[in-house]
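Here is a friendly walk through one acidic side chain and the nonpolar packing of the model. Take a look at the structure first, then read on.

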Amino acid sequence: SDVCSSDLNDGELVIDPVTGVVVTIQGHSGQYIYDGTEKKVTGYDVQIADESGLYSEADFTFNGNDTISGTDAGAYPMNLRSEDFSNSNSNFVGVAFRIADGSMTIRKRALTLTSASAAAAYSGAPLVRNTQKDITVSGDGFAPAEGAVYDITGTQTLVGQSLNRFSYRLSEGTKAGNYDITTVFGTLNVTGDGLEAVKETP
């Protein structure tokens, strides 16, 4: 059967508007890992359910914002709304707009900070590994120009072993919310002939 119908009214041909058109809007999505730079997702896909086969993207207008932008880790919606779309073709009435919103996810960088391990024979001097280079960064690592400063307090003098404990402070401009950080303490091990064998508390 014909979707469009027509009537003859006072000698003029009147075409009844097409009804039942459904336009589905699918916002674009994207996933990124935080790297200190702005990320962006833009645009949407269109699916049209129209028995006449005549309705197209040229027949509606969009007056919203279809761009997501962000830098820090987190979830960002596109916030598309059905009221952002409107039918502009008078040959169609009751056009319905259904929205599947777009999104952007920036995930945190996952990294592990590990202090150095060391072993030495007893000498009476404390065994330490406490320079900034004695911390190894693994996993995703820090984003460019970001990082941390380390305070390494581990020490072992007597025969025995203890953890090479440390704490850290994120550098200026490095946000904790952009990272999942795990710390691992190395081991300081002093060996001897047993005369100095007193194990320090870890």
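D50 sits in the loop between β6 (44-49) and β7 (60-62); strands here are DSSP E runs of at least two residues, numbered from the N terminus. The model is predicted, so to speak of local features pLDDT must be at least 70, side-chain atom pairs count only at pLDDT 80 or more, and totals for chains, interfaces and linings use all residues. Residues are numbered from 1 along each chain as its sequence is written, and side-chain values use heavy atoms, with hydrogens and water left out.

D50 is buried (under 20% relative accessible area, 1.4 Å probe, protein chains only). It has no salt bridge (a side-chain nitrogen of Lys or Arg within 4 Å of a carboxyl oxygen of Asp or Glu); R98, the nearest side chain of opposite charge, is 13 Å away. What does the side chain of D50 reach instead? Two backbone nitrogens are listed here.

| Backbone nitrogen | Distance to D50 side chain |
|---|---|
| L54 | 3.0 Å |
| Y55 | 2.8 Å |

Beyond its neighbours within four places in sequence, D50 is in contact (heavy atoms within 4.5 Å) with V18, V21, Y55 and F92.

Y55 also belongs to the largest nonpolar core, where it is among the residues with the most contacts, along with V23, F60, F142 and Y150. Such a core is a set of buried Ala, Val, Leu, Ile, Met, Phe, Trp, Tyr and Cys residues joined through side-chain atoms within 4.5 Å, and this one has 29 residues. Its largest share, three residues, comes from β16. Apart from it lies another core of five residues, including L127 and V159.

Definitions and conventions:
Helices (H or I, at least four residues) and strands (E, at least two) are DSSP runs, numbered from the N terminus. Buried means under 20% relative accessible area, exposed over 50%, partly exposed in between (1.4 Å probe, protein chains only). Lys and Arg count as positive and Asp and Glu as negative; His and the chain ends are not counted. A polar contact is a pair of N or O atoms within 3.5 Å; within protein, one must be able to donate a hydrogen and the other to accept it, and residues adjacent in sequence count only if both atoms are side-chain atoms.
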